Amino acid sequence: MGKLIHFAELNSTNTYLKENFAALADKTVVSADIQTAGRGRFNRQWISQKGGLYFSILLKPTQTDYIVNLTQLMALSICKAIEDLGAKPTIKWPNDVQLNGKKICGILSETITQQNGIACVIVGAGVNVAQRDVSYVGQPAISLREAGIFIDPDILLPSILNHFWQKYDQVLSQGFASLREEYKKRFPYLGKVISVKNGTADATGTVTDISAKGTLLLNADNGLEEILIGDLIV
Ligand code: BTN
């Protein structure tokens, strides 16, 4: 476990680590009570009001073959921490966590490369924890509090980190294969017809599996498709 840096207010915990990674140690965690310029996937904004948990981890792994799967490890870790509170969250591939079918968490991973390769990976997560109302999110969303679970974001964070560090080395050396069974158990869309949007090529079909690489396998109109990234429309 690395050093934890906490801010009452920050533009974005991911941006902070992007700007300061060179001076910070591997496994540093940054959290903030409020973000004024929180960022989501596909350049979306992540509104970050007080009551939510906003944090990012700085990682400087020496083995980088499986860094794409760290996002899925974070989704699984957040699921497990919420399960410890007695709830039954699910994972919406690749890395959203849902509770009662509504979004409770989003994860944004960013990789910084330099001339000599990958300098670091930043895994940032926003969890709806104690907000009274998350209707400002542009899709069905819920907070733990709205689901009747009262917990402080500062208490939830160490629990998520524990789950994350427990599997971290294994994911770096073995990739998604080391998460696959646990991940699939929490993925409710196997056998369901879904659409995936990723900006350029959208696809619709029946989900047949999550592969050993962590990609989504879809039986689509023009055959079996392997989806690397995208947003599930369910
Ligand atoms: C998404 O679902 O689009 C991903 C949202 C990720 C939000 C988190 S909050 C902490 C970290 N800092 C950011 O600016 N974004 C991530």
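These are my notebook entries on a ligand site and a surface patch in a predicted model.

**Entry 1: the shell around the ligand.** I looked up which residues surround the ligand and found 20 of them. The closest are S12, Q35, R39, R41 and K103. I then sorted the shell by class: six residues are nonpolar, 10 are polar and four are charged.

**Entry 2: where the shell comes from.** I checked which helices and strands supply the shell. At least two residues each come from α1 (13-20), β3 (53-59), β6 (102-114) and β7 (117-127). The largest share belongs to β6, with four residues.

**Entry 3: polar contacts.** I went through three of the closest residues, Q35, R41 and K103. For Q35, a polar side-chain atom lies 2.9 Å from a nitrogen atom of the ligand. R41 uses its backbone: an N or O atom there is 2.7 Å from a ligand oxygen atom. In K103 I looked at the side chain, where an N or O atom lies 2.7 Å from an oxygen atom of the ligand. I also noted the ligand's surface: alone, the ligand exposes 410 Å², and the protein buries 99% of that.

**Entry 4: a patch on the surface.** Next I turned to the protein surface. F42, L228 and I229 make a nonpolar patch of about 310 Å². I located I229 in the loop between β11 (223-227) and β12 (231-233).

**Entry 5: one residue of the patch.** Why does I229 count as partly exposed? Its relative accessibility is 41%, and partly exposed covers the range between buried, under 20%, and exposed, over 50%. I therefore entered I229 as partly exposed.

Technical notes: Residues are numbered from 1 along each chain as its sequence is written. This is a predicted model: local features need pLDDT of at least 70, side-chain atom pairs count only at pLDDT 80 or more; totals for chains, interfaces and linings use all residues. Side-chain values use heavy atoms; hydrogens and water are left out. A residue is near a molecule or strand if one of its heavy atoms lies within 4 Å of it. A polar contact is a pair of N or O atoms within 3.5 Å; within protein, one must be able to donate a hydrogen and the other to accept it, and residues adjacent in sequence count only if both atoms are side-chain atoms. Accessible areas come from the Shrake-Rupley method with a 1.4 Å probe; for residues, only the protein chains shown count as cover. Ala, Val, Leu, Ile, Met, Phe, Trp, Tyr, Cys and Pro count as nonpolar, Asp, Glu, Lys and Arg as charged, and the others, Gly among them, as polar. Patches are made of residues with over 30% relative accessible area and no salt bridge: like charges are joined within 9 Å, nonpolar side chains (Val, Leu, Ile, Met, Phe, Trp, Tyr) within 5 Å. A salt bridge is a side-chain nitrogen of Lys or Arg within 4 Å of a carboxyl oxygen of Asp or Glu. Buried means under 20% relative accessible area, exposed over 50%, partly exposed in between (1.4 Å probe, protein chains only).
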